[in-house]
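Trainee: Could you take one part of this structure and walk me through it closely? I would like to follow how that part fits into its chain.

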Amino acid sequence: MTGARQIVAGLESAGVTIAASVPDTWIGKLVEEVRRSSAIRVVDVAREEEAVAVACGASLAGGRGAVLIQNAGLLNCGGILAGLVELYRLPCFFLVSFRGDSRDPIYYHEPKGRVTEATLQAWRLRYAVADRGRDLAAQVRQGVEAAAEFASPYVLLISGEDLA
Amino acid sequence: MSARKPLLDALVSMLTPRDVLVSCLGANARYLPHMKVPSPVFALCDSMGAAIPLALGMALQRPDRHVIALEGDGSLLMSPNVLATVAAARPVNLSILLWVNGRYESSGGQALPPAPVDWAALARAAGIRHVESVRDVAGLRATFPNARSAGEPAVLVVDVAFDPAEAIPPYSERPGEIRARFRLD
């Protein structure tokens with residue numbers, strides 16, 4: 001089973017109903033897999049802050065939302081994380097492509113990769129870097145459940161290699 | 001052009017328990033706790049630009065409820081991209097009331113960048129077909145029922161007078177209270 005399929009299985013088993021996304025090369029491949037799910041509706045949004053609000057709206061209305069974006073987009077989200085997600089204590093699971101990490105072959109992503117984990121730590125967000133050597137579906141499910149349990153954001157960083 | 005409170009009174013008088021109201025930060029969010037609103041209310045006190053996508057997520061999750069988003073022109077100027085997102089998602093149960101006064105009322109009444117934005121044209125250009133302009137309470141009473149029954153996303157562009165002396169009540173509910181009370185049956 002591909003990593004993308006495992007991730008979708010994790011989202012499905014965690015009860016995610018709506019996945020809001022701005023794609024990049026990696027997330028785009030994942031989203032195509034999500035579109036095959038009969039349990040999850042993909043909402044294509046124009047900017048990452050919208051994805052956060054859409055996911056939170058789904059959760060407030062009784063479903064479970066997820067945000068699928070690149071780390072550049074995550075860096076856009078500081079305001080809405082503070083002013084909506086944290087302020088109202090809403091669960092919000094993020095699956096974020098970790099561009100610019102040591103495995104990324106594209107040179108121009110490096111600055112984002114350099115600041116991603118430092119930013120997550122500065123924002124005091126719970127997060128993990130996906131481990132392809134373990135069950136990806138379980139890591140996704142645990143992330144969604146952690147967001148729900150703590151009524152807070154949770155970020156799972158993935159590499160393009162994780163999707164293969 | 002009408003003052004804000006009579007417009008808000010008229011809107012609330014047309015709501016039912018099956019509606020869901022999402023308010024952006026600012027005057028509307030501050031008035032609503034003092035009003036007898038029959039529908040669930042989720043009011044923001046921060047996060048400009050979040051009201052419409054938040055309402056969109058609710059509308060898609062609960063197609064059996066009609067969701068009404070109250071947004072200000074200052075917030076939408078910051079994130080007009082959401083109009084295209086709404087047009088693409090095509091929820092059948094989302095109405096957007098855009099309150100246009102040309103001011104950042106929540107932060108002291110500073111003027112927006114003085115550009116002659118045609119909000120109705122912008123919404124249509126983004127792909128939203130049901131768009132109407134509202135200039136007064138009678139106009140709101142005439143257009144809101146059509147928006148609610150449109151079966152597609154609707155935008156009402158509501159001209160509202162800016163009054164720097166308006167006695168807007170302060171925020172009277174904490175986010176935790178708003179979150180705890182917000183429940184959809």
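Mentor: Happy to! Helices (H or I, at least four residues) and strands (E, at least two) are DSSP runs, numbered from the N terminus. With that in hand, chain A reads α-β-α-β-α-β-α-α-β-α-β-α-β-α along its sequence, a total of 8 helices and 6 strands. Please keep in mind that this is a predicted model, in which local features need pLDDT of at least 70 and side-chain atom pairs count only at pLDDT 80 or more, while totals for chains, interfaces and linings use all residues. Residues are numbered from 1 along each chain as its sequence is written, and chains are lettered from A and ligands numbered from 1 in the order in which they are written.

The part I would pick is strand β6 of chain A, residues 153–158. All 6 of the 6 residues in β6(A) are buried (20 or more other C-beta atoms, placed from the backbone, within 10 Å of a residue's own; 12 or fewer is exposed, and in between is partly exposed). Look at the two faces of the strand in turn. A:Pro153, A:Val155 and A:Leu157 are on one side of β6(A), A:Tyr154, A:Leu156 and A:Ile158 are on the other, and both faces are covered.

Now look sideways, at the strands that flank β6(A). Strands pair if DSSP finds at least two bridges between them. With β4(A), residues 92–97, β6(A) runs parallel over 6 bridges. One of the places to check this is A:Val96, whose bridge partner in β6(A) is A:Leu157. Strand β5(A), residues 126–129, is also parallel to β6(A), and 4 bridges join the two. Here A:Leu157 turns up again, as the bridge partner of A:Val129.

The link from β5(A) to β6(A) deserves a moment too. Together with helix α7(A), residues 136–150, these two strands make a right-handed β-α-β unit (with the strands pointing away from you, the path from the first strand over the helix to the second runs clockwise).

Step back, and the sheet comes into view. It is an open sheet of 6 strands in chain A, in the order β2-β1-β3-β4-β6-β5, with parallel pairing. At its edges are β2(A), residues 41–44, and β5(A), each of which pairs on one side only. Moving from β6(A) past β4(A), you come to β3(A), residues 65–70, which pairs with β4(A) in the parallel sense over 5 bridges. In that pairing, A:Leu68 has A:Leu95 of β4(A) as its bridge partner.

Which helix does β6(A) help to cover? Try α5(A), residues 78–86, with its buried residues A:Ile80, A:Leu81, A:Gly83, A:Leu84 and A:Val85. These are covered through contacts (C-beta atoms, placed from the backbone, within 7 Å) with elements that include β4(A), β6(A) and α3(A), residues 48–60.

The setting around the strand is easy to sketch. Of the 164 residues in chain A, 54% are buried. Counting contacts in chain A between residues at least 6 apart in sequence, 74% join residues at least 24 apart. The C-alpha atoms of the chain fill a box of roughly 40 × 35 × 30 Å along the principal axes.

For a useful parallel, turn to strand β8 of chain B, residues 154–159, where 5 of 6 residues are buried. Strand β4(B), residues 94–100, runs parallel to β8(B), and 6 bridges join them; in this pair B:Leu97 stands opposite B:Leu156. β7(B), residues 130–134, pairs with β8(B) in the parallel sense too, over 5 bridges, and B:His130 has B:Ala154 as its bridge partner. A right-handed β-α-β unit is found here as well, made by β7(B), helix α7(B), residues 137–148, and β8(B).

Finally, the place where the chains meet. The contact takes 28 residues from chain A and 27 residues from chain B. On the chain B side, the elements giving two or more residues are α3 (51–61), α5 (81–89) and α8 (175–181), and α3(B) has the largest share, 8 residues. B:Leu54 lies in α3(B). It counts as buried because it has 32 C-beta neighbours inside 10 Å. Apart from its neighbours within four places in sequence, B:Leu54 is in contact with A:Ala53, A:Cys56, A:Gly57 and B:Val22.

Key. Two residues are in contact if their C-beta atoms, placed from the backbone, lie within 7 Å.
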